[in-house]
Amino acid sequence: MGGGGHGDGHGVTYNGLTIHAPKRWHSVAGRGMCAIMWFWVFYRAKKDGPVVLGWRHPWDGHEGHDHDRESSH
């Protein structure tokens with residue numbers, strides 16, 4: 001049972017499966033995607049954190065929208 005190896009000898013073999021070291025661009029792309037993910041998580045935490053933690057209701061701060069709609073009916 002081959003692990004899809006190329007026979008270059010680089011990598012670790014365990015139970016007949018050879019795990020090759022990642023190429024440089026794989027590591028750089030992975031770190032870049034990780035950074036984008038964390039920036040997104042922190043951005044959404046800044047916007048939605050109080051609601052998720054129960055400190056504020058999602059509808060707090062939108063009083064003006066409901067009153068304008070009711071007065072036009």
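This passage describes the fold, the surface and a few individual residues of a predicted model.

The protein contains 2 helices and 2 strands. Followed along the sequence, these elements appear in the order β-β-α-α. Strand E1 covers residues 12–14 and strand E2 covers residues 17–19, with a loop between them. Helix H1 comes into the picture at residues 24–52.

A good place to begin is the surface. The protein has 73 residues, and 1% of them count as buried. The exposed area comes to about 7,000 Å², and carbon and sulfur atoms account for 63% of that area. Part of the surface is a nonpolar patch of about 400 Å², built from Met37, Trp38, Val41 and Phe42. Of these patch members, valine 41 can be placed in helix H1. Its relative accessibility is 36%, and because residues between 20% and 50% are classed as partly exposed, valine 41 belongs to that class.

Helix H1 also holds a charged pair. Side chains of opposite charge can pair when their charged atoms come close. In this model there is 1 salt bridge, and it links arginine 44 with aspartate 48. The closest N and O atoms of arginine 44 and aspartate 48 lie 2.6 Å apart, which falls within the 4 Å cut-off for a salt bridge. The positions of the two partners in the sequence help to explain the pairing: arginine 44 and aspartate 48 are 4 residues apart in helix H1, so about one helical turn separates them. Arginine 44 is partly exposed, at 30% relative accessible area. Aspartate 48 is likewise partly exposed, with a relative accessibility of 30%.

The strand region offers some further details. Asparagine 15 sits in the loop that joins strand E1 to strand E2. This residue has a positive phi of about 55°, even though it is not a glycine. Asparagine 15 is also exposed, as its relative accessible area is 72%.

Histidine 10 is found in the segment that precedes E1. With a relative accessibility of 56%, histidine 10 counts as exposed. Along the chain, histidine 10 and alanine 21 are separated by 11 residues. In space, the C-alpha atoms of histidine 10 and alanine 21 are 7.1 Å apart.

How values were computed. Residues are numbered from 1 along each chain as its sequence is written. This is a predicted model: local features need pLDDT of at least 70, side-chain atom pairs count only at pLDDT 80 or more; totals for chains, interfaces and linings use all residues. Side-chain values use heavy atoms; hydrogens and water are left out. A salt bridge is a side-chain nitrogen of Lys or Arg within 4 Å of a carboxyl oxygen of Asp or Glu. Buried means under 20% relative accessible area, exposed over 50%, partly exposed in between (1.4 Å probe, protein chains only). Accessible areas come from the Shrake-Rupley method with a 1.4 Å probe; for residues, only the protein chains shown count as cover. Patches are made of residues with over 30% relative accessible area and no salt bridge: like charges are joined within 9 Å, nonpolar side chains (Val, Leu, Ile, Met, Phe, Trp, Tyr) within 5 Å.
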